[in-house]
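Trainee: I should like to go through this structure with you. Could we begin with how strands are paired, and then move on to other parts?

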Amino acid sequence: MTHPELGQQEATYLSKKEMKKLIILFLLSLNTGNIYAASCCGGSGGGSVTIPKFMPQVAKVGLSQETYDGFWNQKGEVLADPTGSNLTQTRFEFAYAKRLTPNLQANLSASWVKNDNVYSGVQSHTQGLGDTKLGLLYENFDNITCVNEITRPEDWQPANYYGLNLTLPTGLSPYDDVDSSFDITGRGFYALEATALVEKTVYPYTVSLNGGYTLYKARMINQETGNYVTPYKKQLGDRFSIGLTLSYTWFLDSLDQATLNLSQSKFSEDAAKINGATDPDTDLAKQSQGLSLGYATMDQSWVVTLGLNAALKQTGAGKNFPITNTTSLGLTHVFH
Amino acid sequence: MSFSKFFLLVALLLTFLFGSGCKDTMNDLVPSGENKTASAASTTTGTNIEIDITVQNGSDVDIDLDTELTKHDAIVLYFTMWCPICNGHADKMIAKVMPSYSNVGFYLVDYVSGSTSSSQISLVSSGYQNAGVTLLVDLAREIELKYDGTMGTTIVIDADGNILMNEDFKDGVLLSSILSGL
């Protein structure tokens, strides 16, 4: 099921709206998540569009498929989709990042979303552009912080990133002229997200912790799934996300690298407001786990990633949100 | 790729978004608060809908919505696909709206389940089997097509056949307001 409020499926932060939305969604944009295994050093984390330190630019194409397997209700209980349901969202994703200054990157991500849904008696097959994201990422470090061993206090210095992302509602949302909630590819709201990430690599291990806080811009709505409605103002609740990733890197005889990433992520979103009044049953939450494998060439020009992100079907692991599993394949090129 | 080419790429993308087949997304990029519902309000001579109904003991019976209208001051049709938001809406409607309007008939319209049996299962698993709301299994999509309904659509029809509301449930405030004015 394409989550009607989230559109393109949501970002489960370490593995990405999505999405949601969604995203949910968008579902939630290139919501493939960021697994920053040694990102400052050109490692093979999946989904990231972070430019390795000193490199000028990076581009990525990816394909991900998200399948739906029930949902959490407002009490956090797991409920199954109706018998015969088969809900899938496939996303072709593109991301590009360009270094603006030695410590500042700009990035762009977009996606093409294809919905294939059979929900009991209803079938829907639609596709369209997803939400688009523009971002800035500041590197609060001047040199590569990855080390092979700790021999002095400075070796403990981590790589710190601070980001600001703007989501443009370029996808089809429930507030566009769509036939049904199955047809949407985006969430329909502008969003501004502040992110922070701290990462440390002592080869072969990498640990990273990231967090994000998202504010949605309130908007007027006069149409829902193709029907005009009495205009009202809606604002989605603030979203908080956090994730932890542990990685292990193998250096092969060819000097190529293989990296295994394990991640745990969580997000929660406050209830939405309608005409200024809180809609108390619209808050969301989800936890998920990710596993990805990356392979990088010796000069780290090319990185291939294969990822799986799954949510546990257990009470309390989510709230008011679909349970989904996402597989992804990505190809990243770092320009030298 | 040079810096200028990067922004050329962005420009091309934006051109694609604004200038090509994505015009539908303009409602999101530039939201409008213009009220265009005037033409949507309508009066009918009745619903002219007969539909299978799954009653709470699991047996199927036919129901004529026009007959239902004669029994109430109004009827409320809520379109559900048994999703989290649907159940959130239904919970609120059942717990906070229904008790105040005993003269109104409340119906859950299941437009997604392919059979009355699977619809009944969803009703039970959602906890509504004894909630006092009536389940309409829209197998032939009669109600869905007639009212252009989808997930969350809430329709209020008064005894004279006037459609007083046909939009998303949202927080239920509009529904309560309309029912209060009956």
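Mentor: A term to settle beforehand: two strands count as paired if DSSP finds at least two bridges between them. Please also keep in mind that this is a predicted model.

Trainee: Understood. In which sense do β3 and β4 of chain A pair, and over how many bridges?

Mentor: Strand β3 (residues 86-101) and strand β4 (residues 104-119) of chain A are antiparallel partners, with 15 bridges between them. The connection from β3(A) to β4(A) is a hairpin of two residues. As one example of the register, A:Gln89 has A:Asn115 in β4(A) as its bridge partner.

Trainee: Which strand does β4(A) pair with over six bridges?

Mentor: That is β6 (residues 132-139) of chain A, again in the antiparallel sense. There, A:Ala106 lies opposite A:Leu136 of β6(A).

Trainee: How many helices and strands does chain A have?

Mentor: Chain A has zero helices and 19 strands. Of its 336 residues, 54% are buried.

Trainee: Let us turn to β16 of chain A. Which residues are on its covered face?

Mentor: In β16 (residues 284-296), the covered face has A:Leu284, A:Lys286, A:Ser288, A:Gly290, A:Ser292, A:Gly294 and A:Ala296. The uncovered face has A:Ala285, A:Gln287, A:Gln289, A:Leu291, A:Leu293 and A:Tyr295. As background, side chains in a regular strand alternate between the two faces of the sheet.

Trainee: What does β16(A) pair with?

Mentor: Strand β13 (residues 257-269) of chain A pairs with β16(A) over 13 antiparallel bridges, and A:Ala258 has A:Tyr295 as its bridge partner there. With β17 (residues 302-310) of chain A, β16(A) shares eight bridges and runs antiparallel; in that pairing A:Leu291 faces A:Leu308. Two bridges link β16(A) to β18 (residues 318-319) of chain A, also antiparallel, with A:Ala285 matched to A:Lys319.

Trainee: How many residues lie between the strands in the hairpin of β16(A) and β17(A)?

Mentor: Five residues lie between them, and in this hairpin A:Gln300 adopts a positive phi near 60 degrees.

Trainee: A different topic: where is A:Ala59 placed, and why is it called partly exposed?

Mentor: A:Ala59 belongs to strand β1 (residues 57-72) of chain A. A residue is buried when 20 or more other C-beta atoms lie within 10 Å of its own, exposed when there are 12 or fewer, and partly exposed in between. A:Ala59 has 18 such atoms within 10 Å, so it is partly exposed.

Trainee: Which residues does A:Ala59 contact?

Mentor: Setting aside neighbours within four places in sequence, A:Ala59 is in contact with A:Tyr96 and A:His333. The C-alpha atoms of A:Ala59 and A:Asn107 are 9.4 Å apart, although these residues are 48 residues apart in sequence.

Trainee: Now chain B. Which residues of helix α7 are buried?

Mentor: In α7 (residues 173-180) of chain B, B:Leu174, B:Leu175 and B:Leu179 are buried. Viewed down the helix axis, the buried residues of α7(B) fall within an arc of 130 degrees, so they line one face. The face turned away from that buried side carries the exposed residues B:Ser177 and B:Ser180.

Trainee: What do the buried residues of α7(B) pack against?

Mentor: They pack against β11 (227-235) of chain A, and against β4 (74-80), α4, β5 (104-110), β7 (153-158) and β8 of chain B.

Trainee: Which members of the largest nonpolar core touch the most other members?

Mentor: Of its 47 residues, B:Val76, B:Leu77, B:Tyr78, B:Tyr107, B:Leu108, B:Val109 and B:Val156 do. The largest contribution to this core, six residues, is from β4(B). Not counting residues up to four places away in sequence, B:Val156 touches several residues, including B:Val76, B:Leu175 and B:Leu179.

Trainee: Lastly, how many residues of each chain are in contact with the other?

Mentor: On chain B, 44 residues are in contact with 53 residues of chain A. On the side of chain B that touches chain A, α1(B) provides the largest share, six residues. By class, that side has 19 nonpolar, 15 polar and 10 charged residues.

Notes: Residues numbered from 1 in each chain as written. Chains lettered and ligands numbered in written order. Predicted model: local features only at pLDDT ≥ 70, side-chain atom pairs only at ≥ 80, totals over all residues. Contact = placed C-beta atoms within 7 Å. Helix = DSSP H or I, 4+ residues; strand = E, 2+ residues; numbered from the N terminus. Nonpolar A, V, L, I, M, F, W, Y, C, P; charged D, E, K, R; others polar. Arc of directions from axis to C-beta. Core = buried A, V, L, I, M, F, W, Y, C linked by C-beta atoms within 7 Å.
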